[in-house]
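Trainee: Could you take me through the sheet in this one, up close? I'd like to hear what packs against it as well.

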Amino acid sequence: MSIWHAQKMLSSVDYSGETATIVVSSRHWLKTRADVQMQIAFAAYCRVAVKYGRGKVEVTGYNGHPLYGTVVDGRWHNRLTGG
C-alpha cells in the first residue's frame with residue numbers, strides 16, 4: 001500500500017473493523033490497469049480478512065464518491081467494468 005500511496009494513487013486507507021475504505025485519486029485510478037486496481041483492493045482486503053476471517057473493502061474517490069469498486073468476502077467487483 002505504501003508504494004501506491006507514494007505514487008499518489010491512494011490518498012488514504014481507513015480500517016474500521018471488518019471494513020476498509022480506500023480513498024483514491026480519481027485521475028490516477030482511471031488511468032490504472034484493471035488488474036492493478038484489483039491488486040490494490042485485495043491488498044487492503046487481506047489485512048481485514050486475516051484479522052476477522054472475512055470483510056469488505058470499498059474503493060472510493062474523495063468524499064466517498066464515486067464508488068469505484070468493492071471486495072466483499074474475497075470477491076472483487078469493479079463498478080467501472082462490471083467485473
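Here is a walk through the sheet and its surroundings.

Mentor: Sure. Bear in mind that this is a predicted model, where local features need pLDDT of at least 70, side-chain atom pairs count only at pLDDT 80 or more, and totals for chains, interfaces and linings use all residues. Residues are numbered from 1 along each chain as its sequence is written, and side-chain values use heavy atoms, with hydrogens and water left out.

The sheet is open, with five strands in the order β1-β2-β3-β4-β5 and mixed pairing. (Strands are DSSP runs of E, at least two residues, and helices are runs of H or I, at least four, numbered from the N terminus; two strands pair if DSSP finds at least two bridges between them.) At the edges sit β1 (10–16) and β5 (75–78), each pairing on one side only. On average, neighbouring strands are turned by 15° against each other, direction ignored; axes are lines fitted to C-alpha atoms, for helices over the stretch in contact, and angles run from 0 to 180 degrees between N-to-C directions.

Now zoom in on β2 (residues 19–24) and β3 (residues 56–60): they run parallel, joined by five bridges. Thr-19 stands opposite Lys-56 in β3.

Helix α3 (residues 34–52) lies across β1, β2, β3, β4 (67–72) and β5, at about 140° to β3. Leaving aside neighbours within four places in sequence, Val-24 is in contact (heavy atoms within 4.5 Å) with residues including Leu-10, Trp-29, Val-59 and Tyr-68.
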